[in-house]
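Could you walk me through how this chain is put together, with an eye on one helix and the charged pairs? Here is the structure to look at first.

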Amino acid sequence: MAAVIGAKSTAPASLSERFREVRARSVQIASWLQPEDCVVQSMPDVSPTKWHLAHVTWFFEQFVLLPSAANYQAYDEQFLYLFNSYYQSAGAMHARPERGLLSRPTLAEVLSYREHVDAAMHRLLEGGITESLRSVVTLGLEHERQHQELALTDIKHVLSCNPLGPAMRDDLVIHKAIAMPRPSFTSHTGGITEIGASVDSEAFCYDNETPTHDVLLRDFAIADSLVTNREFRHFIDDSGYTTSSLWLSDGWTAVQTHGWCAPLYWNLDTETEFTLGGERDIDLDAPVSHISFYEADAFARWAGARLPSEAEWEVAARQHSVDGNTFESDCWHPMPGAHGQWFGDVWEWTACSYAPYPGFRPLEGSLGEYNGKFMCNQMVVRGGSCVTAADHLRPTYRSFFYPDARWQFLGLRLARDI
């Protein structure tokens with residue numbers, strides 16, 4: 001879920017306070033876990049919580065302190081190797097699938113690393129920095145917020161692999177079932193319209209949201225609610241996973257290879273699903289989540305509809321306020337009753353491959369690696385999820401995953417041609 005800043009940064013007076021707030025949230029997330037939880041890597045796409053805590057700290061050390069803080073020395077030269085993610089221009093790195101082998105440094109040592117870097121960062125921020133460096137710090141904070149979301153989805157997968165089925169938190173909010181109205185579609189007139197974010201905006205955005213550009217849309221209709229577990233269960237019961245004509249070729253291969261028969265974390269025998277709050281009954285009126293692009297596409301075809309393009313999604317979403325079930329709801333699971341909401345609950349698969357907008361320009365230097373080199377073989381998702389920070393969301397925000405990804409909170413809404 002990588003991206004890069006493409007607009008002006010956080011207001012000067014609030015940057016130090018913002019730094020303190022964001023960094024504290026990462027430690028708070030880890031505090032709900034045991035040290036043993038923080039080391040496990042359950043699959044190559046998942047990173048241990050300890051690694052997330054260290055990597056976001058490495059970002060500030062690598063891109064802010066080492067080049068800009070007078071007399072700053074690396075906390076530990078080995079950390080520059082261990083906690084680099086994919087910045088080839090920044091040096092060698094430990095293999096991603098082997099992050100779970102890093103029993104050392106310990107969690108306590110990683111937390112000490114964070115404290116050391118935080119102290120140096122506060123000295124730097126209090127002394128005043130250039131606008132250019134301020135933008136890099138702001139990017140680092142937004143990057144850390146992305147990793148807070150990743151840390152939660154990653155630890156969910158880790159805990160789900162434990163036969164004890166432990167909850168990350170026993171006190172997460174549980175919302176009572178709410179019967180959803182029948183889904184309806186809102187029509188939109190086609191034509192030439194502008195999407196994307198402006199590089200001249202005062203608000204933060206990632207570079208993959210820029211530049212603004214014109215797109216040509218046909219008339220379309222898009223659902224005002226997300227597809228629910230109840231609707232997806234109908235798809236399952238109607239042999240959706242065994243009807244090859246509903247599936248893209250790669251999707252059908254994935255179904256056969258992995259034995260998919262329901263969303264990730266569902267147990268059809270017990271009618272339950274694993275959540276960050278432990279095993280729970282499946283709420284049929286909540287948005288379906290943890291499905292791949294292939295499953296979303298097959299469901300849409302079964303429903304006589306299709307997935308929206310990312311331009312259609314953005315045009316429809318910008319008519320709605322940016323609110324919904326996000327990290328701050330303290331639920332950390334899709335909730336029922338999100339009729340007419342366009343943000344939170346689940347990232348929504350679109351029909352669009354992740355590619356640069358016309359006129360896209362990555363940043364110079366190492367930070368240019370953050371986004372542009374991933375614009376291949378992935379699909380765009382929109383809208384954020386139940387573990388995305390509320391003020392991290394906006395209509396132009398585009399993230400991306402490989403089409404077979406399921407461990408993230410991934411769902412869908414339907415669209416139709418008119």
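What follows is a quick tour of one helix, its neighbour, the salt bridges and the nonpolar cores.

Keep in mind that this is a predicted model, where local features need pLDDT of at least 70, side-chain atom pairs count only at pLDDT 80 or more, and totals for chains, interfaces and linings use all residues. Residues are numbered from 1 along each chain as its sequence is written, and side-chain values use heavy atoms, with hydrogens and water left out.

**Helix α6 and its surroundings**

Helices (H or I, at least four residues) and strands (E, at least two) are DSSP runs, numbered from the N terminus. "Buried" is used for under 20% relative accessible area, "exposed" for over 50% and "partly exposed" for what lies in between (1.4 Å probe, protein chains only).

Let's start with α6, which spans residues 229-237 and has Asn229, Phe232, Arg233, Phe235 and Ile236 buried. Looking down the axis of α6, these buried residues fall within an arc of 155 degrees (taken from the directions from the helix axis to the C-beta atoms), so they line one face of the helix. They pack against β5 (266-267), β6 (272-275) and α8 (293-302), with contact meaning heavy atoms within 4.5 Å. After α6 comes Ser239, and its phi is positive, near 65 degrees.

How do α6 and α8 cross? Their axes come within 11 Å, at roughly 80 degrees; axes here are lines fitted to C-alpha atoms, for helices over the stretch in contact, and angles run from 0 to 180 degrees between N-to-C directions. The two helices are therefore roughly perpendicular, on a scale where angles under 35 degrees are roughly parallel, over 145 roughly antiparallel, 65 to 115 roughly perpendicular and the rest oblique. On the α6 side the contact involves Glu231, Phe232, His234 and Phe235, and on the α8 side Glu295, Ala298, Phe299 and Trp302.

**Salt bridges**

A salt bridge here is a side-chain nitrogen of Lys or Arg within 4 Å of a carboxyl oxygen of Asp or Glu, and by this rule the count comes to 23. Among them are these:

| Pair | Closest N and O atoms |
|---|---|
| Arg394 and Glu209 | 2.8 Å |
| Glu271 and Arg233 | 2.8 Å |
| Arg301 and Asp297 | 2.9 Å |

The Arg394 and Glu209 pair links distant parts of the chain, 185 residues apart: Arg394 is in the loop between β11 (379-382) and β12 (398-401), while Glu209 is in the loop between β2 (191-195) and β3 (213-217). Both partners are buried, Arg394 at 13% relative accessible area and Glu209 at 0%.

Back at α6, Arg233 pairs with Glu271. Glu271 sits in the loop between β5 and β6, so this bridge ties together parts that are 38 residues apart in sequence. Glu271 is partly exposed, at 36%.

Arg301 and Asp297 are both in helix α8, 4 residues apart, or about one helical turn. Arg301 is partly exposed at 36%, whereas Asp297 is buried at 13%. Elsewhere, Arg18, Glu21, Glu142, Arg145 and Asp391 are joined into one network by salt bridges that share partners.

**Nonpolar cores**

A nonpolar core is a set of buried Ala, Val, Leu, Ile, Met, Phe, Trp, Tyr and Cys residues joined through side-chain atoms within 4.5 Å. The largest one has 109 residues, and Phe83, Met168, Phe235, Trp349 and Leu412 touch the most other members. A second, separate core has 6 residues, including Phe374, Met375, Val380 and Phe400.
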